[in-house]
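Subject: Structure for you to look at

Hi there,

Here is the structure I promised to pass on. Have a look at it first, and then read on for what turned up.

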Amino acid sequence: MTLAPLALVREGAAQLAEAGCETPQLDAEILVAHSLGTDRTGLRRMSEEPLGEANEAAARGLLARRAQREPVAQIVGYRWFRNIQVGVDSRVLTPRPETELLVEWGVGLPADARVADIGTGSGAIALALADERPDLQITASDVDSGALDVARANATRLGLEITFVQGDLLDAVDSELDALISNPPYISDSELTGLDPEVVDYEPHLALTAGPDGLETVERLVEQAALRKIPRIALEIGAGQADSTAALLAEAGWAHVEIRDDLAGIARVVIGDNSGDRI
Ligand SMILES: C[S@@+](CC[C@H](N)C(=O)[O-])C[C@H]1O[C@@H](n2cnc3c(N)ncnc32)[C@H](O)[C@@H]1O
């Protein structure tokens with residue numbers, strides 16, 4: 001006799017709590033629902049009928065992966081970001097809600113602006129911008145070919161037009177740019193080991209770390225953007241990096257510099273603007 005869906009959720013949630021997962025009930029609901037081809041609302045409507053052996057085995061398989069601390073997004077294969085479903089796997093950073101702040105800035109860019117998303121990973125930022133502002137001319141770059149494969153597959157599935165290039169920061173972006181947007185790696189080498197297993201064991205370290213203070217990539221990117229006189233730049237940064245990044249932009253020649261907080265009240269995005277627009 002197999003369990004009913006909600007009974008398996010209860011059992012799975014206990015298993016995930018024991019494994020140290022932060023949101024065991026939510027995760028168990030998502031995974032059991034996913035294994036049954038439905039969502040959490042659908043799951044609640046399901047009868048108390050037993051699952052059957054094949055369904056129960058499939059759901060238990062997903063719960064076992066989560067108990068090893070594999071992220072839910074990688075198990076189900078996607079994460080919602082703004083209005084789009086972004087496919088993810090272990091080759092890319094799963095897009096975070098706070099990164100939507102960068103997209104909020106990007107949707108305010110002037111008509112037909114030429115924009116580069118540097119370190120595109122899954123393509124989340126570039127894809128959300130293309131979805132909400134089809135007039136923008138978007139180039140997305142990453143140094144990692146595996147990440148670019150994920151981003152290209154997302155663009156094809158979503159039917160969004162983006163030019164993808166592979167290279168170090170701005171090296172492979174030949175066109176003139178009106179704006180640069182980037183969520184670069186910004187974790188310090190020493191911070192990495194203290195992060196949750198979901199991050200350390202399952203996300204690419206290339207997407208995470210940037211030297212002893214976490215600012216190596218930001219510094220190189222600002223230098224390159226200043227040399228190319230890109231008028232508008234928006235960078236996501238880590239907690240505690242806003243003031244030094246703002247100073248970096250001001251020193252590199254951006255006249256108007258602004259810091260924006262995320263929903264948790266952490267200074268998360270630094271913007272530089274030389275266009276004469278109001279930021
Ligand atoms: C923090 S992840 C951001 C991914 C995605 N843009 C997002 O916001 O979810 C940083 C990305 O930068 C890429 N990256 C790291 N170093 C790079 C470099 N020197 N040049 C270009 N891309 C780089 C990584 O491969 C990774 O995909």
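A note on classes before the ligand: Ala, Val, Leu, Ile, Met, Phe, Trp, Tyr, Cys and Pro count as nonpolar, Asp, Glu, Lys and Arg as charged, and the others, Gly among them, as polar. By that scheme, the shell around the ligand holds 9 nonpolar, 6 polar and 4 charged residues.

Please keep in mind that this is a predicted model, where local features need pLDDT of at least 70 and side-chain atom pairs count only at pLDDT 80 or more, while totals for chains, interfaces and linings use all residues. Residues are numbered from 1 along each chain as its sequence is written, and side-chain values use heavy atoms, with hydrogens and water left out.

The ligand

Of the 19 residues around the ligand (a heavy atom within 4 Å), those that come nearest are Gly119, Asp142, Asp168, Leu169 and Asn183. For polar contacts (here, pairs of N or O atoms within 3.5 Å), the side chain of Asp142 has an N or O atom 2.6 Å from a ligand oxygen. The side chain of Arg220 places an N or O atom 3.4 Å from a ligand nitrogen. On its own the ligand has 600 Å² of accessible area, and the protein covers 95% of that (Shrake-Rupley method, 1.4 Å probe).

The sheet

Helices (H or I, at least four residues) and strands (E, at least two) are DSSP runs, numbered from the N terminus. Strands pair if DSSP finds at least two bridges between them. An open sheet of 7 strands has the order 5-4-3-6-7-9-8, with mixed pairing. Strand 5 (163-166) and strand 8 (256-261) are its edges, each pairing on one side only.

Strand 7 (residues 232-236) and strand 9 (residues 267-273) run antiparallel, joined by 5 bridges; Arg232 has Asp273 as its bridge partner in strand 9. Strand 9 also pairs with strand 8 in the antiparallel sense, over 6 bridges, and here Val257 stands opposite Gly272. These two strands, 8 and 9, form a hairpin with 5 residues between them, and Gly265 in the turn has a positive phi of about 80°.

Happy to talk it through whenever suits you.

Best wishes

Methods: Polar contact = N/O pair within 3.5 Å; in protein donor to acceptor, adjacent residues only side chain to side chain.
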